[in-house]
Amino acid sequence: MRLEPNRVPFPSIPETLKTEFSLSELSLRPFGYCAEDREVNFNQPLRPYLEVEILECCTDDRRGAKPNSQFFWNMEIGKRIECLLTIATVRDRDAFMIPLRCLNSACQEGIEIDFSMEEISELQSLKNAEKFPEILVGHQTVRIRRPKGSDQLKWLEQSFKDEHTATQVMLKTLVREDDRLKLDSDAIAQGEWIPAFNQTMEEIDPLVNFQVEVQCPYCGAKDSHSIDFGAFALERFRNTQQQLLDMVHRLASRYHWNESEIFAIPAWRRESYLARLDREEH
Ligand SMILES: [Zn+2]
């Protein structure tokens, strides 16, 4: 009998993306069980590459095939975050805790705030309703879309002299193709549209720069906290990769198996050998 680690369905993705990459019934597995999970380098300079690499490890279709990696770059950034959280919480989807610290300098107590995957998916999908919100640039109304991984790469590969310039480039990337001609360079340069643009981006993509109002149970201070869900998931993955390496080390030093022999053993049997070693050592 071979027990596969629990798999969960891939979060919902647009039909157009499914057709483009001929995808069917994708699922996600937890990170940190398979041989390929050892290879992921957590110290790479650009985080989106790391995030996509993890998604590639953990995504399969029903026949066990992996989607083309361009698929992950074509996914919206918020969806990528939802996927990473899904992988990180396969075992505890009902509640996961995000640790925060009270912002009141006289208090600074640790606070924990809990979320469920159901809440996260709802946040991500509710906003699908207004897919192309409108903003006013000068006298023209233009529609914008949510950023994808490939947009983010393009932005990360350039350097901007200030935030104003960066936001202008974002607008130009995210404006819908058929509204592009309406953009007027003087109106863009004046920047009156920037606050509305930033607010719209937050509304349509709540997981990207997530803000939550929290009241500290110790001092009562109420503050808005930002939560980096991607960093939270990556921290978990870094730990599970470490545990995977520890597992290899323990089994190798005790049974003198090599790495490929160890990974040929199903996860449940590896666990059982480790439990045996635990009992002998205590
Ligand atoms: Zn406090």
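## Phe-210 and its ring partner

Let's start with Phe-210: its relative accessibility is 9%, and because the cut-off for buried is under 20%, Phe-210 counts as buried. Keep in mind that this is a predicted model.

Which ring does Phe-210 pair with edge-to-face? A search through the whole structure turns up 15 aromatic pairs. One of them joins Phe-210 to Phe-115, edge-to-face, with the ring centres 5.8 Å apart and 80° between the planes. Phe-115 belongs to strand 5 (residues 110–115) and Phe-210 to strand 8 (residues 210–215), so this pair ties together parts of the protein that sit 95 residues apart in sequence. Phe-115 is buried too, at 5% relative accessibility.

## A second edge-to-face pair

Another pair to look at is Tyr-255 with Tyr-273, also edge-to-face, at 5.3 Å centre to centre and 65° between the planes. Tyr-255 lies in helix 10 (residues 229–255) and Tyr-273 in helix 12 (residues 267–281), so here the pair ties together parts that are 18 residues apart in sequence.

Are these two tyrosines buried or exposed? Tyr-255 counts as partly exposed, at 27% relative accessibility. Tyr-273 gets the label partly exposed as well, with 23%.

## The phenylalanine cluster

Back to Phe-115 and Phe-210: ring pairs link these two with Phe-96, Phe-229 and Phe-232 into a cluster.

## The zinc site

What holds the zinc ion? Its protein donors are the SG atoms of Cys-102, Cys-107, Cys-216 and Cys-219, which lie 2.3 to 2.4 Å from the metal. The angles among the 4 donor atoms run from 106 to 114°, and the site is tetrahedral. For reference, the ideal angle for four tetrahedral donors is 109.5 degrees.

If you want to find the donors in the sequence, look for the spacing C-x4-C-x108-C-x2-C. Cys-102, one of the donors, is buried, with a relative accessible area of 4%.

## Helix 6 and what it packs on

Helix 6 covers residues 149–156, and its buried residues are Gly-149, Asp-151, Gln-152, Leu-153 and Trp-155. What do they pack against? Their partners are helix 2 (47–58), helix 3 (69–74), helix 4 (77–88) and helix 7 (163–174).

## Gln-168 in helix 7

Helix 7, one of those packing partners, is home to Gln-168. Despite its polar side chain, Gln-168 is buried, with a relative accessible area of 15%. Its side chain makes a polar contact of 2.8 Å with the side chain of His-164.

Which residues from further along the chain does Gln-168 touch? Setting aside its neighbours within four places in sequence, Gln-168 is in contact with Ile-188, Ala-189 and Trp-193.

## A small sheet of three strands

Here 3 strands make up an open sheet, in the order 1-2-3 and with antiparallel pairing. Strand 1 (8–9) and strand 3 (59–60) are the edge strands, each pairing on one side only.

How many bridges join strand 1 to strand 2? There are 2 of them, strand 2 takes in residues 27–28, and the two strands run antiparallel. Zooming in, Val-8 has Leu-28 in strand 2 as its bridge partner.

Notes:
Residues are numbered from 1 along each chain as its sequence is written. This is a predicted model: local features need pLDDT of at least 70, side-chain atom pairs count only at pLDDT 80 or more; totals for chains, interfaces and linings use all residues. Side-chain values use heavy atoms; hydrogens and water are left out. Buried means under 20% relative accessible area, exposed over 50%, partly exposed in between (1.4 Å probe, protein chains only). Helices (H or I, at least four residues) and strands (E, at least two) are DSSP runs, numbered from the N terminus. Contact means heavy atoms within 4.5 Å. A polar contact is a pair of N or O atoms within 3.5 Å; within protein, one must be able to donate a hydrogen and the other to accept it, and residues adjacent in sequence count only if both atoms are side-chain atoms. Donors are N, O and S atoms within 2.8 Å of the metal (3.2 Å for Na, K and Ca); water is not among the atoms, so sites may look incomplete. Four donors count as tetrahedral if all angles lie between 85 and 135 degrees; four count as square planar and six as octahedral if opposite donors are over 155 degrees apart and all others between 65 and 115; anything else is irregular. Two strands pair if DSSP finds at least two bridges between them. Rings of Phe, Tyr and Trp (its six-membered ring) pair if their centres lie within 6.5 Å; planes under 30 degrees apart count as stacked, over 60 as edge-to-face and the rest as tilted.
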